[in-house]
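Biologist: Could you take me through one strand of this model in detail? I'd like to start from one odd residue and work outwards.

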Amino acid sequence: MDMKSFITTIILLVVAFTPLHAQEIAEDSTITFGNNGQHSVTYNDDGINFKLAGMILRFSGNDKSPQPQQQLQQPQFKSIYPFGFAEVGINTMANAKYALYTPEEAAMMRLGNAKSIYMSVNLYSRSIRLNQSGSFTMDYGAQFTMEKYRFNGPYSMKYEGGMMRPVKLEDSVTRSILLLEYISLPTMFTWSYNHKFFVSGGLSLDILLWHSLMYQKPIVINRVEPVTVEPIQFSGVLHFGTDKVYGFINYGLTDVFTYNTGPTCRRFSAGIGFYL
């Protein structure tokens, strides 16, 4: 590049970045100079391009800040730690069928539903927001659940001949129950209105931790005997209410007792839950 071209280039650089001059040059304007037009300056909305002896220099003249791209909404989590909520209600064995028993044995194995107590407490739960407003979430967690099934009289059960058989207790027995304790792992989908009222439903995997036959005469006596309760069960779960208190319904999707070892029946519970 000769001295004349160099000086001309410097002048053009200074002039090109002068706002007044930038307004006077039309869009997509090109100025050529040098021998045979070997150098050029092009101005457009994107800025200025200089072509000097085959070398191209680009300078952005667009002072509009690029609009930030809308970021994808990341899933948001909300956790509830131990004892975040508790539930209390009643439970029974629904759709019970006693095909393996005589009418007298079936009568002994029936339950006093109004006195069969259900209790559950939250161990951990987490919510995943599925939409931007947070009105639709997926919730999962763990609960400790205790179910007491009270016999309708001084009766109990025992394992005999490969199945559960009813037994008659002494008349002085004031109550007799079958106690089942589970770790429940529910997964539910929740729709809420204004983050106060909600309806949710889903499935729960229930893992049996402990079972016991108990009766009171007059003190409580525990009898741990083989009880043919299925160790892994599933249940459907429905919740509805507010952010303070709600109703719940649980219905077993699997039989309580192992096939051909006891009554054919499903666990059913209903009651009220409280956020603590």
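Where is N95 found?

Modeller: N95 is found in strand β6, a strand being a DSSP run of E at least two residues long, numbered from the N terminus. A word on the ground rules: this is a predicted model, where local features need pLDDT of at least 70, side-chain atom pairs count only at pLDDT 80 or more, and totals for chains, interfaces and linings use all residues. Residues are numbered from 1 along each chain as its sequence is written, and side-chain values use heavy atoms, leaving out hydrogens and water.

So, what's odd about N95? It has a positive phi of about 50° without being a glycine. Most residues other than glycine have a negative phi. N95 counts as exposed, because its relative accessibility is 53% (exposed is over 50% relative accessible area, buried under 20% and partly exposed in between, using a 1.4 Å probe and protein chains only).

Now the neighbours of β6, which covers residues 85-97. Strands pair if DSSP finds at least two bridges between them. With β16, β6 runs antiparallel and shares 11 bridges; N91, for one, has S269 in β16 as its bridge partner. With β7 (residues 117-129), β6 is again antiparallel, joined by five bridges, and I90 has I117 as its partner there.

Strand β6 also holds F85. Rings of Phe, Tyr and Trp (its six-membered ring) pair if their centres lie within 6.5 Å, with planes under 30 degrees apart called stacked, over 60 edge-to-face and the rest tilted. That rule gives eight aromatic pairs. In one of them, F85 and Y246 have ring centres 6.4 Å apart and planes at 75°, so the pair is edge-to-face. This pair links distant parts of the chain, since Y246 sits in strand β15, 161 residues from F85. Both F85 and Y246 are buried, and ring pairs join them with F198 and Y275 in a cluster.

Finally, there's the second largest pocket, with a volume of about 180 Å³. Its 15 lining residues include M93, Y98, M109, R110 and L111, the closest to its centre. Here a pocket is an open set of points on a 1 Å grid over the protein atoms alone, with protein on both sides within 12 Å along at least five of seven lines, and lining residues have an atom within 4 Å of a point. The volume is the space filled by 1.4 Å probe spheres set on those points, which are joined across faces, edges and corners. Strand β6 gives the most to this lining, three residues.

Methods. Helix = DSSP H or I, 4+ residues; strand = E, 2+ residues; numbered from the N terminus.
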